[in-house]
Amino acid sequence: YQRRVHGAIYIELYYVFISLWGHQLFTPYGILYLVFVILLMVTACITVSLTYLQLSMENHRWWWLSLISGGSTAFFIYVYCFYFLYSESKMSGFMQVSYYFGYMLLICYALFLMLGSVGFYCSLIFVKQIYSSIKCD
C-alpha cells in the first residue's frame, strides 16, 4: 500500500525538499497541487480498501487502522528526509541538523494528522454507506 502512495508523490517530494532546504525556487505550483490531489485520492481509496478488507474479516474495530493507514505516508516522508539529508543536502553541524529534523518532524506529524483524517473520514462515509444498505428483517 505505502509504496503506491509514496510513489505517487516521490518525484515532487524531491522538488519540495530542494525548495525548502536547498534555497532554490520552485515554480510549477499547478503540478504540485495536482500531485497533492492525487495523494489525497490515493490515500482515500487505499484506506477504504483496507477498511473493507478488515470488515470482511469480521473485525469491526476499523477506526484506528483507518487513521494509521492513511497517515502512515508521513512516516515514509520522514524516512525520505534522512535520505535527502545525507545524499542531497550540504547541511552539517548539530544546530542545522537538529533544526532540519525538528521541523521535518513537525511537518510529518501535521501530514500524518491530515492524511489520517482523510483516511478516517472516507472510511467513515464508506462504512455508513454499506451499513445503511443492510436490510434486517
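1. Phe120 is partly exposed in this predicted model, because its relative accessible area is 21%, and the limit for calling a residue buried is under 20%. Its ring partner Trp62, by contrast, is buried, with a relative accessible area of 6%.

2. How is the pair formed by Trp62 and Phe120 arranged? A pair of aromatic rings is described by the distance of the centres and the angle of the planes. By the rule used here, the count comes to 11 aromatic pairs. In one of them, Trp62 and Phe120 are stacked, with 5.7 Å from centre to centre and 20° between the planes. This pair links distant parts of the chain, since Trp62 sits in the loop between helix H2 (29-56) and helix H3 (63-71), while Phe120 belongs to helix H5, 58 residues apart from Trp62. Trp62 and Phe120 also join Trp63 and Tyr121 in one aromatic cluster.

3. Another pair is made by Tyr80 and Tyr83, which both lie in helix H4 (residues 73-87) and are 3 residues apart, or about one turn of the helix. Their ring centres are 5.7 Å apart and their planes meet at 45°, so the pair is tilted; the reason is that stacked pairs need planes under 30 degrees apart and edge-to-face pairs need over 60. Is each of these two residues buried or partly exposed? Tyr80 counts as buried, at 6% relative accessibility, whereas Tyr83 counts as partly exposed, at 43%.

4. Tyr83 also takes part in a nonpolar patch on the surface, together with Tyr10, Ile11, Tyr14 and Tyr15, and the accessible area of these residues together is about 490 Å². Helix H1 (residues 2-21) supplies the largest share of this patch, namely 4 residues. Tyr15 is found in helix H1 and is partly exposed, with a relative accessible area of 40%; this value fits its place in the patch, because patch residues need over 30% relative accessible area.

5. A word of care is needed about confidence. The mean pLDDT of the protein is 84, and 91% of its residues reach 70 or more. Within the protein, however, confidence is lowest in H1, at a mean of 68, and highest in helix H5 (residues 94-132), at 93. Where pLDDT is low, the predicted coordinates should not be read in detail. For the reader, the relevant background is that H1 gives the nonpolar patch its largest share, whereas Phe120, of the stacked pair, lies in helix H5.

Technical notes
Residues are numbered from 1 along each chain as its sequence is written. This is a predicted model: local features need pLDDT of at least 70, side-chain atom pairs count only at pLDDT 80 or more; totals for chains, interfaces and linings use all residues. Side-chain values use heavy atoms; hydrogens and water are left out. Patches are made of residues with over 30% relative accessible area and no salt bridge: like charges are joined within 9 Å, nonpolar side chains (Val, Leu, Ile, Met, Phe, Trp, Tyr) within 5 Å. Accessible areas come from the Shrake-Rupley method with a 1.4 Å probe; for residues, only the protein chains shown count as cover. A salt bridge is a side-chain nitrogen of Lys or Arg within 4 Å of a carboxyl oxygen of Asp or Glu. Helices (H or I, at least four residues) and strands (E, at least two) are DSSP runs, numbered from the N terminus. Buried means under 20% relative accessible area, exposed over 50%, partly exposed in between (1.4 Å probe, protein chains only). pLDDT is the predictor's confidence in each residue, from 0 to 100. Rings of Phe, Tyr and Trp (its six-membered ring) pair if their centres lie within 6.5 Å; planes under 30 degrees apart count as stacked, over 60 as edge-to-face and the rest as tilted.
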